[in-house]
Amino acid sequence: KSNVKSLVIENKLDHNPDNKNLHKNIDKKITIGYFGFLRCKWSIDVLKSLAVSYPDKFNIVFAGYSGKPLDLDDEIKNIKFLGEYRSPTDLPHLYGSVDIVWACYPFPDKDDWNWKWARTNRYYESLFYKKPMFVLEGSGNSFSVLDRKIGIIVNRESINETVNKVAHIGKDEIEDITINVQKLPD
């Protein structure tokens with residue numbers, strides 16, 4: 001019996017202070033994690049291409065369920081596929097092992113309002129574990145990420161254009177964004 005025009009129901013994780021602030025100092029390489037339902041072929045292809053093109057700059061960690069083989073080449077030494085995991089039990093380890101999270105997900109149809117409004121589990125998990133994220137421009141995640149400066153927006157461009165954009169991101173930029181994420185209230 002509400003007269004509210006809209007209501008945001010956040011999908012936040014249960015508060016557990018032992019699992020927060022898993023800050024990982026960026027070593028020589030930037031580690032990007034893509035976790036959950038790994039169904040976005042474009043995202044997988046971007047991350048694979050990034051690993052191949054910039055092996056001295058990036059490590060990529062995949063974990064979750066894809067429904068089909070990810071087609072990851074065992075010869076690519078800077079990519080790890082950890083397989084399926086248990087949520088929330090395994091989340092501290094996963095998020096604690098990366099510098100930034102890939103929170104992009106499959107492209108919608110032009111008029112898919114859920115894609116434009118909904119926020120992904122990766123969005124809430126990234127923030128819970130104080131990690132910045134990559135999100136797609138125009139997605140439900142992007143407006144908050146842009147407004148709060150808690151991640152990096154990528155466009156729905158070709159794989160090569162996206163790889164080139166991500167490749168120009170440095171450790172200092174990720175550290176600055178991480179500070180913004182850490183300042184967010186629970």
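Let me begin with Tyr65, which at 44% relative accessibility counts as partly exposed, and please keep in mind throughout that what we are looking at is a predicted model. Tyr65 has an aromatic partner in Phe37, and the two rings are stacked, with 5.9 Å from centre to centre and 25° between the planes. Phe37 belongs to strand E1 and Tyr65 to strand E2, so this pair ties together parts of the chain that are 28 residues apart in sequence. Phe37 is itself partly exposed, its relative accessible area being 38%.

A second aromatic pair brings together Trp42 and Trp102, whose ring centres are 6.2 Å apart and whose planes meet at 40°, so that this pair is described as tilted. Here the parts tied together are 60 residues apart in sequence, because Trp42 lies in helix H1 and Trp102 in strand E4. Trp42 is buried, with a relative accessible area of 12%, and Trp102 also counts as buried, at 0% relative accessibility. When the whole structure is searched, nine aromatic pairs are found, and there is also one aromatic cluster formed by Phe35, Tyr95, Phe128 and Tyr129.

Trp102 leads us to the interior. The largest nonpolar core has 30 residues, and Trp102 is listed with Ile32, Ile60, Phe62 and Phe134 as those having the most contacts inside it. Many elements feed this core with at least two residues each, including strands E1 (30–37), E2 (58–65), E4 (100–102), E5 (133–136) and E6 (151–154), together with helices H1 (41–53), H6 (159–167) and H7 (171–183). Which helix gives the most to this core? That is H1, with six residues.

To see how one residue sits in this setting, consider Ile32: leaving aside residues up to four places away in sequence, Ile32 touches, among others, Leu47 and Leu50, then Phe58, Ile60 and Val61, and further along the chain Val98, Ile100, Trp102, Phe134 and Val166. There is also a second, separate core, which has 21 residues and includes Phe35, Val61, Ala103 and Val181.

Let me now turn to strand E5. Are its residues Met133, Phe134, Val135 and Leu136 buried or exposed? They are all buried, with Met133 and Val135 on one side and Phe134 and Leu136 on the other, so that both faces of the strand are covered. E5 runs parallel to E4, to which it is joined by two bridges, and in this pairing Trp102 stands opposite Phe134. E5 also pairs with E6, again in the parallel sense, over four bridges, and there the bridge partner of Val135 is Ile153. Between these two strands comes helix H5, residues 142–148, and E5, H5 and E6 make a right-handed β-α-β unit.

Helix H4, residues 121–128, deserves a moment as well, since seven of its eight residues are buried. The buried residues are Arg122, Tyr123, Tyr124, Glu125, Ser126, Leu127 and Phe128, and I would point out that Arg122 and Glu125 are in that list. Their cover includes E1, helix H2 (91–96), E4, E5, H5 and H7. After H4 comes Lys130, whose phi is positive, near 60°.

Finally, the charged side chains. How many salt bridges does a search of the whole structure find? It finds two. In one of them Lys41 meets Asp45, and the closest N and O atoms are 2.7 Å apart; these residues are four apart in helix H1 and are therefore separated by about one helical turn. Lys41 is exposed, with a relative accessible area of 55%, whereas Asp45 is buried, with a relative accessible area of 19%, and I would add that the cut-off for buried is under 20%.

In the other salt bridge the side chains of Asp71 and Lys48 meet, at 3.7 Å from N to O. This pair links distant parts of the chain, 23 residues apart, with Asp71 in the loop between E2 and strand E3 (79–81) and Lys48 in helix H1. Asp71 is exposed, with a relative accessible area of 60%, while Lys48 counts as buried, at 16% relative accessibility.

Key: Residues numbered from 1 in each chain as written. Predicted model: local features only at pLDDT ≥ 70, side-chain atom pairs only at ≥ 80, totals over all residues. Heavy atoms only, no water. Core = buried A, V, L, I, M, F, W, Y, C linked by side-chain atoms within 4.5 Å. Buried < 20%, exposed > 50% of the residue type's maximum accessible area, 1.4 Å probe, protein only. Contact = heavy atoms within 4.5 Å. Pairing = 2+ DSSP bridges. Right-handed = clockwise from strand over helix to strand, strands pointing away. Phe/Tyr/Trp six-rings, centres within 6.5 Å; stacked < 30°, edge-to-face > 60°. Salt bridge = Lys/Arg side-chain N within 4 Å of Asp/Glu carboxyl O.
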